[in-house]
Amino acid sequence: MNTNFTMNAIACKQAKDIFDHMLMTDMPGQNWDCVLIDDMGNGRNLHRVTPGIETRCVCFKKAGEKNLIMRTSKDNPLKFGMLIYIGDQDKFYLLKDHPTPQIDCIAVVPTLCTHMIKFYVKLADKVNDDGMLVEEGVYADVTGNIPCIVTRKTASYVSGTNTPGILRDEELEVAVQFNETMEIRKDDLFDLDGKQYKVYDFHTDGTIEDDGILYLTCRRRQLMNLRAVWNRLYRPFSSSL
């Protein structure tokens with residue numbers, strides 16, 4: 001029998017047992033009850049009991065670093081693309097990095113989900129055989145509110161086409177858990193901070209079978225500002241009367 005191997009195995013088990021015991025200890029601000037969510041789906045059932053594995057985790061930051069480090073028991077199936085919900089914080093985290101097995105636990109650097117976003121689509125208008133509008137297309141939900149990581153990629157200023165003045169043009173990258181969110185397509189829409197954005201492109205670094213993350217490239221839509229048009233065109237005449 002390999003004595004060194006046996007001693008290492010015993011030491012690893014003891015280290016794991018010590019960590020698991022610490023994990024169950026009430027340490028406010030460090031130990032948290034959490035839910036590991038392997039597949040949230042399209043978010044339409046988010047108001048129900050959140051599916052997943054209820055467990056505990058340790059969260060802390062190293063001095064001088066912004067990123068949160070999360071550790072949990074080696075018994076928990078932590079994996080890339082998983083969502084973690086911490087109820088006491090009412091926050092979702094997405095695992096954009098692969099977990100790293102340690103001697104006593106599993107560690108990962110999770111990314112905070114910054115927004116809850118609902119995606120929807122504008123259905124086509126209905127016309128008759130003469131091309132006349134019969135029924136204006138309505139908006140239909142593609143997803144419910146789902147946790148997302150929004151990153152602002154670029155921002156520039158452009159001249160408005162149907163709105164007077166200079167407008168801010170923004171491009172966002174939105175990262176979501178890859179599952180039924182695969183239903184999101186180009187030209188789908190969502191609202192963020194009072195503005196409407198449109199999906200222009202998407203890609204994923206996983207598959208529906210082995211999980212992963214869906215990345216959406218989105219741009220802010222320049223909608224007609226009727227109040228600005230009125231002020232620009234008619235206010236000079238009305239003020240001179």
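This is a short tour of one protein chain, with a suggestion at each stop for what to select next.

**Start with the whole chain**

Keep in mind that you are looking at a predicted model. Show the full chain as a cartoon, and you will find 3 helices and 18 strands. Of its 241 residues, 35% count as buried. If you take the contacts between residues at least 6 apart in sequence, 56% of them join residues at least 24 apart.

**Stop 1: a sheet of eight strands**

Now select β1 to β8. These strands make an open sheet, and reading across it gives the order β6-β7-β3-β2-β1-β4-β5-β8, with antiparallel pairing. Which strands are at the edges? They are β6, at residues 100-101, and β8, at residues 111-112, and each of them pairs on one side only.

Next, select β1, which covers residues 31-37. Is this strand mostly covered or mostly open? It is mostly covered, with 6 of its 7 residues buried. On one side, β1 pairs with β2 (residues 53-60) in the antiparallel sense, over 6 bridges. β1 also pairs in the antiparallel sense with β4 (residues 83-86), here over 3 bridges.

Pick out V35 to see both pairings from one residue. In β2, V35 stands opposite E54, and in β4 its bridge partner is Y85. Then move along to I37, which stands opposite L83 in β4. Remember L83, as the name comes back at the cavity stop.

**Stop 2: the cysteines**

Stay with β1 for a moment and select C34, then add C57. How many disulfides does the structure hold? The count is 0. C34 is in no disulfide, and the nearest cysteine sulfur, that of C57, is 3.7 Å away. A disulfide here would need the two sulfur atoms within 2.5 Å. C34 has a relative accessible area of 3%, so this residue counts as buried.

Now select C113 and C148. The sulfur of C113 has its closest cysteine sulfur in C148, but the distance is 7.2 Å, so the two are too far apart for a bond. C113 is buried as well, because its relative accessible area is 11%, under the 20% limit.

**Stop 3: the largest pocket**

Select K61, K66, N67, L68, Q89, K91, Y93, V109, P110, T111 and L112, and show them as sticks: they line the largest pocket. Its volume is about 190 Å³. Which strands each supply at least two residues of the lining? They are β5 (91-94) and β8. Colour the lining by class, and you should see 5 nonpolar, 3 polar and 3 charged residues.

**Stop 4: the cavity**

Switch to an enclosed space. The structure holds 1 cavity of 30 Å³ or more, and the largest cavity has a volume of about 40 Å³. To find it, select M40, G41, L83, I146, P147, V176, Q177, N179 and T181, which line it. The elements that give two or more residues to this lining are β14 (146-159) and β15. By class, there are 5 nonpolar and 4 polar residues around the cavity, and no charged ones.

**Stop 5: E171 on β15**

Follow β15, which spans residues 166-177, until you reach E171. Is E171 buried, partly exposed or exposed? Its relative accessibility is 27%, so E171 counts as partly exposed. Add R152 to the selection: E171 and R152 are 19 residues apart in sequence, yet their C-alpha atoms are 6.3 Å apart in space. Leaving aside neighbours within four places in sequence, E171 is in contact with T151, R152, K153, T154, T217, C218 and R219.

**Last stop: two residues with a positive phi**

Most residues other than glycine have a negative phi. Select D90, in the loop between β4 and β5. Although D90 is not a glycine, its phi is positive, at about 55°. D90 has a relative accessible area of 56%, so it counts as exposed.

Finish with D193, in the loop between β16 (189-192) and β17 (195-204). D193 is not a glycine, and it too has a positive phi of about 55°.

Terms used:
Residues numbered from 1 in each chain as written. Predicted model: local features only at pLDDT ≥ 70, side-chain atom pairs only at ≥ 80, totals over all residues. Heavy atoms only, no water. Pairing = 2+ DSSP bridges. Helix = DSSP H or I, 4+ residues; strand = E, 2+ residues; numbered from the N terminus. Buried < 20%, exposed > 50% of the residue type's maximum accessible area, 1.4 Å probe, protein only. 1 Å grid on protein atoms, 1.4 Å probe; cavity = no way out; pocket = protein on both sides within 12 Å on 5 of 7 lines; lining within 4 Å. Points joined across faces, edges and corners; volume = space filled by probe spheres on them. Nonpolar A, V, L, I, M, F, W, Y, C, P; charged D, E, K, R; others polar. Contact = heavy atoms within 4.5 Å.
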